[in-house]
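Here is a friendly round of questions and answers to work through with the model open beside you. Ready to take a look?

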Amino acid sequence: RDPELIGMLTAARRRRLGSDGLLRTGDRLDLTPEPWICDGLFLKGCLNLLVALPKQGKTSLVVALIAAWHHSAGAFLDRPLLGPCPPVLVIGTDQGQADWGRLLQPAGLVDTEGRILPPIVMLAHAGRPVHLNPEGIDLIAEQAQQNPGLLVVIDSLSACIAPLGLKEESPEVAMPVAELMEQLEPHGATAILIHHASKGRAGEGATSASRGSTALPALASQILKLGPASAGNLQDRRRVLSTEGRGGSCLALVIEREGSGWVVHGGLEKLEHEQDQAETLSKLNDRQADCLQVVKNRWTDGMVRTETADVVAALGLKGGDPQTAAWRTLNQLERKGLLQSIRQPDQFGGRGAYAYWPTADALPTPSRGGQENTVGSVGSVGSQALAHEDPERSDSVFPSSGPTA
């Protein structure tokens with residue numbers, strides 16, 4: 001059977017390479033002081049498993065990493081890149097050469113005539129595939145031997161094991177990957193394996209989201225998951241990149257693709273705050289929403305603060321006491337964190353009316369995908385209140401100047 005044949009071939013390769021044996025007293029272990037190629041994200045000399053649903057930007061993310069490293073950017077996604085960029089072997093069996101050209105040329109890894117540039121030493125594509133069969137593993141191991149510290153990118157697992165007849169649900173799917181890592185380990189090579197997420201578990205953690213057998217994530221030293229920042233919102237092109245593994249504390253970054261590169265918008269806690277504010281905005285009643293829009297328009301048009309009389313005039317409020325109604329609505333919005341206020345002095349220097357202006361959570365963010373995002377931006381300017389709260393103010397009574405404030 002195929003698994004038995006794979007096992008026999010693995011044992012033969014170990015004997016051929018002289019790596020069939022245990023370490024003994026006095027043998028040296030690898031104590032490399034810098035275990036990362038990109039601090040906190042990708043581990044050096046190990047298997048890194050990158051998991052995501054289709055069309056989330058997995059391959060683009062890895063290409064951007066290589067480009068930043070090769071062009072001495074010093075950091076990727078605001079995380080330090082450690083050491084010089086090594087030679088890169090791309091086993092890109094999942095895509096045709098035209099697709100690879102469109103990815104690599106904007107990143108400066110292919111010239112204008114289509115020639116492959118360093119640091120890429122070899123590229124396999126759908127038209128000239130390499131699989132994780134014995135021949136393919138031998139080819140990769142040979143390149144690792146010729147290029148110490150080689151970075152091997154495998155895109156994707158399903159494409160590279162297709163001829164082996166292995167089912168992703170079976171633990172045997174990890175066998176060729178384990179054999180590959182055994183061949184790479186003596187040469188200090190690093191592997192980034194791109195794999196699809198399970199559609200039903202895509203919202204779970206990085207380890208659980210991996211499609212198929214749990215033997216594969218168990219084999220990986222570092223697992224990264226790339227997923228949408230706003231589920232169901234196709235206009236939001238941001239992604240959440242989260243990590244789990246043996247390399248230390250977990251990370252969660254909000255990132256977005258810009259051209260051939262990626263930028264960081266902040267951590268997950270800011271995204272969660274943004275989502276909370278989006279929920280707050282969605283629950284406003286009609287008067288609150290209209291009042292908030294009046295305040296926002298006056299502030300964005302001319303940095304003008306709003307008083308209750310301005311709201312009454314703008315909304316055409318009627319009734320027995322329209323200024324009190326406006327004041328109550330403004331205070332409701334302030335308690336929701338959408339407005340802030342300051343008490344202005346009257347003409348005699350006493351305590352006058354309150355004036356309101358929006359917090360950053362209420363202001364629109366820059367366009368994402370050509371559409372205005374009406375929730376707060378991650379790390380946007382002015383996320384802190386600009387005014388101190390009046391210690392004598394009480395929401396149960398009107399200001400001294402009356403409900404005109």
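Q: In this predicted model, is Glu 279 buried, exposed or partly exposed?
A: The model is a predicted one. Buried means under 20% relative accessible area and exposed means over 50%, with partly exposed in between. The relative accessible area of Glu 279 is 41%, so this residue is partly exposed.

Q: Which residue meets the side chain of Glu 279 in a salt bridge, and is that residue buried or exposed?
A: The salt bridge of Glu 279 has an N to O distance of 3.0 Å, and Lys 283 is the other member. Lys 283 has a relative accessible area of 58%. Because exposed means over 50%, the answer is Lys 283, which is exposed.

Q: Which helices hold Asp 310 and Arg 298, which form a salt bridge?
A: The closest N and O atoms of Asp 310 and Arg 298 are 3.2 Å apart. The two residues are twelve apart in sequence, so their pair ties together separate parts of the chain. Asp 310 is found in residues 308-315 and Arg 298 in residues 286-302, which makes the helices H11 and H10, respectively.

Q: Are Asp 310 and Arg 298 buried, exposed or partly exposed?
A: Asp 310 has a relative accessible area of 24%. For Arg 298 the value is 26%. Since the range between 20% and 50% is the one in between, both residues are partly exposed.

Q: Where in the chain does Glu 256 lie, and is this residue buried or exposed?
A: Glu 256 sits within residues 252-258, the span of strand S12. Its relative accessibility is 3%, and buried means under 20%. The answer is therefore strand S12, with Glu 256 buried.

Q: Which residue forms a salt bridge with Glu 256, and where does that partner lie?
A: The closest N and O atoms of this salt bridge are 3.7 Å apart, and the partner is Arg 237. The pair links distant parts of the chain, 19 residues apart. At 43% relative accessibility Arg 237 counts as partly exposed, whereas Glu 256 is buried at 3%. The partner is Arg 237, in the loop between S10 and strand S11 (238-245).

Q: Which side chain makes a polar contact with that of Glu 256?
A: Besides its salt bridge with Arg 237, Glu 256 takes part in a polar contact of 2.7 Å between side chains. The residue at the other end is His 265.

Q: How many salt bridges are counted, and which residues are linked in a network?
A: The pairs above are among the nine salt bridges counted. Asp 111, Glu 113 and Arg 115 are linked by salt bridges into a network. So the count is nine, and the network is Asp 111, Glu 113 and Arg 115.

Q: Which residues of strand S3 point the opposite way from Leu 47, Leu 49 and Val 51?
A: In a regular strand the side chains alternate between the two faces of the sheet. Strand S3 covers residues 47-52, and six of its six residues are buried. Leu 47, Leu 49 and Val 51 point one way, and those pointing the other way are Asn 48, Leu 50 and Ala 52.

Q: Which strands pair with S3, and in which sense?
A: Six bridges join S3 to a strand at residues 190-196, where Leu 50 stands opposite Ile 194. Five bridges join S3 to a strand at residues 222-228, where Asn 48 stands opposite Gln 222. The partners are S9 and S10, with S3 running parallel to S9 and also pairing with S10 in the parallel sense.

Q: Which residue has its side chain in polar contact with that of Tyr 354?
A: Tyr 354 lies in strand S15 (residues 351-358) and counts as buried at 2% relative accessibility. Its C-alpha atom is separated by 6.4 Å from that of Glu 307, 47 residues apart along the chain. The polar contact of the Tyr 354 side chain spans 3.5 Å and is made with Arg 343.

Q: Which residues make a nonpolar surface patch of about 390 Å²?
A: One member, Leu 23, lies in the loop between helix H1 (2-17) and strand S1 (36-38). Leu 23 is exposed, with a relative accessible area of 59%. The patch is made by Leu 23, Leu 29 and Leu 31.

Notes:
Residues numbered from 1 in each chain as written. Predicted model: local features only at pLDDT ≥ 70, side-chain atom pairs only at ≥ 80, totals over all residues. Heavy atoms only, no water. Helix = DSSP H or I, 4+ residues; strand = E, 2+ residues; numbered from the N terminus. Buried < 20%, exposed > 50% of the residue type's maximum accessible area, 1.4 Å probe, protein only. Polar contact = N/O pair within 3.5 Å; in protein donor to acceptor, adjacent residues only side chain to side chain. Patch = residues over 30% accessible without salt bridge, like charges linked within 9 Å, V, L, I, M, F, W, Y side chains within 5 Å. Areas by Shrake-Rupley, 256 points an atom, 1.4 Å probe, with all protein chains shown as cover. Salt bridge = Lys/Arg side-chain N within 4 Å of Asp/Glu carboxyl O. Pairing = 2+ DSSP bridges.
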